[in-house]
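Student: I'm new to this structure and would like a close look at one part of it. Could you pick a strand and walk me through its surroundings?

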Amino acid sequence: MFDAAEVERIRNDFPLLGHYQEQEAGGRRLAYLDSGATSQKPLSVLEAEQEFYERRNAAVHRGAHQLAVEATEAFEDARAAVAGFVGAGEREIVWAKNATEALNLVAYGFVNASAGLGGPEAERFRIGPGANLVITEMEHHANLVPWQQVAAHTGAELRVIPVTDAGRLDLERAEALVDSATAVLAFTHASNVLGTVNPARRLVDLARAHDAVTVLDACQSVPHFGVDLPALGVDFAAFSGHKMLGPTGIGVLYGRAELLDALPPFLTGGSMITTVDYQQASFMPAPQRFEAGTQPVAQAVGLAAAARYLAETGMDRIAAWEEHLAGRMLAGLQEIPGVRVIGPEEIGQPGDRLATVAFDVEGVHAHDVGQFLDERGIAVRVGHHCAQPLHRRFGVTATTRASAYLHTTEEEIDVLLGTVAEVRGFFLR
Ligand SMILES: Cc1ncc(COP(=O)(O)O)c(C=O)c1O
């Protein structure tokens with residue numbers, strides 16, 4: 001948990017927050033409550049990328065010169081740093097463009113294996129009619145559409161674990177839906193709409209009891225609280241650099257080493273092969289077998305700096321601060337007439353809800369709410385947040401979502417609450 005002075009110190013690490021305050025808003029503070037979409041970057045991340053380009057830029061894993069050796073070291077040190085941040089081994093971390101690509105990498109591994117690629121090792125990933133893939137009703141499209149595609153390619157059935165009215169997973173239904181024909185249980189660790197944190201360990205145990213592969217969407221968990229992926233027992237997990245203070249253009253796939261080595265690659269080409277002739281190619285072991293083509297090297301270096309910044313600040317303290325803000329936001333929103341929180345209205349157990357709160361303002365479209373807030377210096381996200389089926393389940397097409405991070409102040413939450421309280425008076429007078 002932080003105090004106000006510490007949050008102020010943290011804010012000073014983020015050039016955009018200071019710059020915006022001075023230059024763009026005529027001295028008015030920007031309340032950036034859209035970290036769930038993308039986070040702002042501390043100076044140490046910007047400097048790490050710049051330092052790489054100024055001093056160490058070269059093609060990695062290829063050059064026969066000293067600079068290439070240094071660039072490769074920087075790239076692989078970044079992998080080790082990001083691996084350490086989630087408790088993983090270096091070989092278990094694959095770079096991708098973002099979490100979406102990382103999730104597609106796993107999904108298309110199943111498609112390729114099911115089409116007969118990958119040899120005997122890929123047997124584990126071969127599925128067809130009769131098999132089922134289980135996801136949840138609270139998935140972001142990034143962890144929904146790829147599994148739809150796997151179902152379409154293989155004839156497997158797609159099953160969906162429902163969400164309760166309170167915005168939590170219906171675990172009884174989960175137990176009924178996951179069965180001996182389940183090949184994959186893919187679920188989000190934390191919902192980008194509801195703010196719900198799912199009981200990952202319990203879901204992993206359920207999948208393991210049926211020998212199903214688990215795929216965790218960790219996009220909204222890894223940035224906000226300490227996550228040890230091997231301790232959770234998941235087989236695969238994906239997260240994005242840009243949501244955890246890192247650069248855009250880089251995402252991470254974690255996979256248990258033994259599974260990564262057996263999964264057929266999704267992208268093929270340079271830098272991922274051992275030998276090639278005109279008829280066939282053989283692939284390197286993981287992670288290189290999934291890293292075809294020129295990699296996001298400076299971005300990896302920047303992401304490692306972000307992981308270091310988060311670790312030094314303390315993930316437990318970040319989580320405690322965000323939980324404090326979540327409580328304030330939830331209590332305040334519920335006092336405003338005509339405002340409905342979509343998702344858990346309170347924190348049940350510590351750690352079971354993010355400071356990401358989506359809400360509906362009765363009679364006012366979310367886009368109008370967003371514009372009203374923007375005119376008063378409050379940045380939120382509006383729309384379906386890439387979760388259309390989830391919005392439909394709650395009877396709305398769009399919501400307004402405020403999401404806090406380590407630099408969010410209590411005052412920003414109070415300004416949000418005070419401004420939301422004015423919305424209906426303004427639009428419905
Ligand atoms: C829960 C969740 N999953 C997946 C994604 C996709 O992340 P990216 O767009 O960085 O691939 C997001 C981003 O909004 C998300 O919130």
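Tutor: Happy to; here is a walk along one strand, followed by a short visit to a helix. Please keep in mind that this is a predicted model. Our strand is β15, which covers residues 399-403.

Let's begin with threonine 399, which belongs to strand β15. Threonine 399 has a relative accessible area of 0%, so it is buried. Its side chain makes a polar contact with the side chain of histidine 385, at 2.9 Å. Setting aside neighbours within four places in sequence, threonine 399 also touches other residues, among them Ile342, Phe359, Ala366 and His391.

Now move to arginine 401, also in strand β15. Arginine 401 has a relative accessibility of 1%; because buried means under 20%, this residue counts as buried too. A polar atom of its side chain lies 2.8 Å from the backbone oxygen of asparagine 192. Beyond its neighbours within four places in sequence, arginine 401 is in contact with residues including Leu33, Asp34, Thr356 and Val380. His385 is in the contact list of arginine 401, and His385 is in that of threonine 399 as well.

For the wider setting, an unreviewed UniProt entry places the feature "domain: Aminotransferase class V" at residues 32-416. The end C-alpha atoms of that span lie 10 Å apart, and the span is 38% helix and 17% strand.

Finally, look at helix α15, residues 410-427, where you will find phenylalanine 426. Phenylalanine 426 is partly exposed, with a relative accessible area of 35%. Together with Phe427 and Leu428, Phe426 makes a nonpolar surface patch of about 240 Å².

Note on methods
Residues are numbered from 1 along each chain as its sequence is written. This is a predicted model: local features need pLDDT of at least 70, side-chain atom pairs count only at pLDDT 80 or more; totals for chains, interfaces and linings use all residues. Side-chain values use heavy atoms; hydrogens and water are left out. Patches are made of residues with over 30% relative accessible area and no salt bridge: like charges are joined within 9 Å, nonpolar side chains (Val, Leu, Ile, Met, Phe, Trp, Tyr) within 5 Å. Accessible areas come from the Shrake-Rupley method with a 1.4 Å probe; for residues, only the protein chains shown count as cover. A salt bridge is a side-chain nitrogen of Lys or Arg within 4 Å of a carboxyl oxygen of Asp or Glu. Helices (H or I, at least four residues) and strands (E, at least two) are DSSP runs, numbered from the N terminus. Buried means under 20% relative accessible area, exposed over 50%, partly exposed in between (1.4 Å probe, protein chains only). A polar contact is a pair of N or O atoms within 3.5 Å; within protein, one must be able to donate a hydrogen and the other to accept it, and residues adjacent in sequence count only if both atoms are side-chain atoms. Contact means heavy atoms within 4.5 Å. UniProt positions are given in the numbering used here, feature names are shortened, and annotations may be inferred rather than shown by experiment.
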